[in-house]
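The following exercises are to be worked with the sequence and the coordinates at hand. Each task is followed by a solution in steps.

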Amino acid sequence: MTLDAVIIGSGPGGSAAAEVLTGAGWTVAIVEKGRNHLLDPDDLTRPSADYSNDEIKFHSRHFLGPDPLVEPRTFRTGEEDGDRVHVGEVNSVPSTVGGGGTHADGKVPRFMPGDFRLLSDLGPQPGAAVADWPVTYDDLEPFYAAVERSIGVAGLEGANPFAGPRSGPFPMPPGAAMFGAVRSTAAAERLGYHPYPAPTAANSVPYDGRPACNNCGFCSFFGCPIHAKGDPVALLTRTMATGRAELLAETFVSRIRFEGRRATGVDLVEADGSTRFLPARHVVVAAGAIETPRLLLLSDVEHPALGRYLMVHFQTIVAGGMPYRTYAERGRSVTHVHDDMIVGDELSRTAARDAGLPWVRGGLVEHAGAAMPIMEAKHYPPGAAHNRLMAESPIRKRLWAFTMQGEDLPYAGNRVDLDPSVRDARGFPVARITYRPGRHELVAHEHFGPRLAEILKEMGAQWTAVTSSPGRGNAGFTPDSVPESRHNMGTVRMGTDPATSVSDPFGRLHAYDNVVVADSSVFVTSAGYGPTLTLATLAARAAHHLV
Amino acid sequence: MPTWLTEAEFAVLTAACDRTVPVSGDGPGAVASGVPDYIDGLLGAFTVDPPRIWARGPTSGRFGGEEAFRDFHPLSPLDELAWRIRIEGSQGRPEREFNGPVVGLQERYRSALASLGPDFCSAGPDEQDARMAAVDGFPELLFHHCCEGLYGAPEYGGNRDGAAWAAIDFAGDVQPRGWTDAQVSEP
């Protein structure tokens, strides 16, 4: 019997689609190129025991994949760099069952209503393809609420004065505030900002059969050993419990096959290198905003906008050294955030005018420290002072920092295409990323960085430093030109006009009747928020539209 | 007893580790922490099965739960290809050279330790530093492995008895205990 759908990718997008489709009675196969470390291999309706508090395994040794030696990407800042200037890791999200959900620290804010109508509200920006989304916050609200219940989100309704209206409270109250965040939120409030408990997909109370988070601190870039995190474990265990889903891990989709306007199925490469064709009535592509356009290009899908308008969030990172210990290793990595730098104020409007821009927007600001000792150790010089620096620990024990997820505007030149010669271990062309920040992002960085440093000084910082990720890119390529935000968006942008958009308002490719993109590839603009909740919400909505 | 390096190579590696992160203050330094064993264990990861790449989860037993870190995860075919390329190099095999030749960690260490000279252990500290600095890329490689061997989980061969964690007041892997809400918000 032919499958109702093959779903490519098991991250938050593919898993959200799978839950809806199997719940409606469809039979699906979820194809994941990475390994299964999320679900018990003997009973896929239960979580596994593979995750651990192990910095070597998760940070140094690519446990969640992809390993850049066998699945590299390439990078350049622009065509003047030639074919590429870097081969290896480029903004990789885990390649594993559960995808990016497994390593995220679980901040899952909704976008604001205005994020979906940037062009209408604020107008164009020179050089950028600013556009309204073909969906509104009101269209998405019921699906936001459903996904929040499904994965389990802790938060406090009313705490963020800039948030859109909610149809109900968060499924759980917020978890324990990190000590540093208690101090940084107080300092931010004294300066007139509006910090609030980050909407977080980590259980603050037992939820849906999974335990409450016990604050171990190994959250960001780690899988959760006790499965208190709202990574796709809940979506996938429920999907598998329907008995209508098959999970094909360590299986790579090398091509979607088409006949006329319809996809007929996908070509698979299995773990042992053997190949086969898997027929399906529908194809749901949820491989992320880099691998999804790569697969469409490998499948000879053609559209002038395909792969373009890649956005990653230009991050402004502001660190401060505190005269007291910040205890960043205890708790959920990030417990508080503020949105003031997205909304802007008279100062930011003046900064935009002074720079000759019509407007400028920053991004969500995360309040956090640095927790991990191997990472810290590599930041100090070797030699006789190393032990002393590690014990005094200006980074791990005394740092507090803000990371602003600066909204990237969509530029046609920032894109994903196929590298002309670099291959993965299976022999297929890898994704090449061409990216550099635009003037808007740099102006936002220059304006908001010093303002964030002022909050750290108010908190007691003895020194502050402002950096960005990637680097500012005004001196040609340097190793820090490669983005590390892990927030990839755009590349298969949605819209109503088939000439300027690749997918329709439900993520369906304009050119094919039965191919739906269910990940952050469809984003029109990047907002200043992590993409996870919005991409899962769009995926759930797209799946409801299919059935 | 080293598992992959020769005794002579291991002695040179030990001396080089001692220059990279020496004993000082209350810290044990790289040698007392077992960093040479960590590095030798990585170079010889495939001498055991499953290979010594990823310790299992979910707990080490240090804060309760099973002592699962003592065992290692089996590798998938793609994992094994990646780690054999990283450790052994591509060795001219077509299936490892899809993007050209790769020099592995075994060859990098073996050639660097040979360059340091058979009398490296008895050379003075300044002479040792000068010889290490003359090997392109080696001080950086060794330092990164020192950091991992000092401050990673003891099951990988370094951080002997957790002494390096104790010296910096880092609790290590705290599952399944974690921290109480009060320890998080009002430590």
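**Exercise 1. The surroundings of a core residue**

Which residues does Ile8(A) touch, not counting residues up to four places away in sequence?

Solution. The model is a predicted one. Step 1: set aside the residues up to four places away in sequence from Ile8(A). Step 2: list what remains, namely Gly14(A), Val31(A), Val253(A), Val266(A), Val284(A), Val285(A), Ala286(A), Ala287(A) and Leu295(A). Step 3: place Ile8(A) in its wider setting. The largest nonpolar core holds 211 residues, and Ile8(A) is among those with the most contacts inside it, together with Val6(A), Ile7(A), Ala17(A), Val28(A) and Ala539(A). Helix 13 of chain A, residues 532-546, contributes the largest share of this core, 9 residues.

**Exercise 2. The overall form of chain A**

Determine whether the radius of gyration of chain A agrees with that of a compact globule.

Solution. Step 1: for 547 residues, a compact globule would have a radius of gyration near 24 Å. Step 2: chain A has 22 Å, which agrees with that expectation. Step 3: consider the extent along the principal axes, where the C-alpha atoms of chain A fill a box of roughly 65 × 50 × 50 Å. Step 4: turn to burial and contacts. Of the 547 residues of chain A, 62% count as buried. Among contacts in chain A with a separation of 6 or more, 75% come from residues 24 or more positions apart. Step 5: the secondary structure of chain A comprises 13 helices and 19 strands.

**Exercise 3. A covered strand**

Establish how strand 15 of chain A is covered, and with which strands it pairs.

Solution. Step 1: strand 15 spans residues 399-406 of chain A, and 8 of its 8 residues are buried. Step 2: separate the two faces. In a regular strand, side chains alternate between the two faces of the sheet. One side of strand 15 of chain A carries Leu399(A), Ala401(A), Thr403(A) and Gln405(A), and the other carries Trp400(A), Phe402(A), Met404(A) and Gly406(A); all are buried. Step 3: identify the paired strands. Strand 12 (residues 314-321) of chain A pairs with strand 15 of chain A in the antiparallel sense over 8 bridges, and Phe314(A) has Gly406(A) as its bridge partner. Strand 14 (residues 363-368) of chain A is also antiparallel to strand 15 of chain A, over 6 bridges; here His367(A) is partnered by Phe402(A).

**Exercise 4. An open sheet**

What is the strand order of the open sheet formed by 4 strands of chain A?

Solution. Step 1: the order is 6-5-17-16, with mixed pairing. Step 2: the edges are strand 6 (86-88) and strand 16 of chain A, each of which pairs on one side only. Step 3: the twist from one strand to the next averages 30°. Step 4: examine one pair in detail. Strand 5 (residues 73-76) and strand 17 (residues 429-434) of chain A run parallel and are joined by 3 bridges; Thr74(A) has Arg432(A) as its bridge partner in strand 17 of chain A. Step 5: add the helix that packs on the sheet. Helix 7 (residues 288-298) of chain A touches strand 16 and strand 17 of chain A, and its direction makes about 65° with that of strand 16 of chain A.

**Exercise 5. The contact between the chains**

How many residues of chain A are in contact with chain B?

Solution. Step 1: 49 residues of chain A are in contact with 48 residues of chain B. Step 2: the elements of chain A that each supply at least two residues are helix 2 (55-60), helix 5 (179-190), helix 10 (373-379), helix 11 (386-392) and strand 16 (415-423). Step 3: helix 11 of chain A gives the most, with 5 residues. Step 4: by residue class, this side of chain A divides into 26 nonpolar, 10 polar and 13 charged residues.

**Exercise 6. Backbone features in loops**

Why does Asn215(A) count as buried?

Solution. Step 1: Asn215(A) lies in the loop between strand 7 (196-197) and helix 6 (233-241) of chain A. Step 2: Asn215(A) counts as buried because it has 25 C-beta neighbours inside 10 Å, the cut-off being 20 or more. Step 3: Asn215(A) has a positive phi of about 65° although it is not a glycine.

Notes. Residues numbered from 1 in each chain as written. Chains lettered and ligands numbered in written order. Predicted model: local features only at pLDDT ≥ 70, side-chain atom pairs only at ≥ 80, totals over all residues. Contact = placed C-beta atoms within 7 Å. Nonpolar A, V, L, I, M, F, W, Y, C, P; charged D, E, K, R; others polar. Core = buried A, V, L, I, M, F, W, Y, C linked by C-beta atoms within 7 Å. Buried ≥ 20, exposed ≤ 12 C-beta atoms within 10 Å, placed from the backbone. Rg over C-alpha atoms; globule rule 2.2 N^0.38 Å. Pairing = 2+ DSSP bridges. Axes fitted to C-alpha atoms, helices over the stretch in contact; angles between N-to-C directions.
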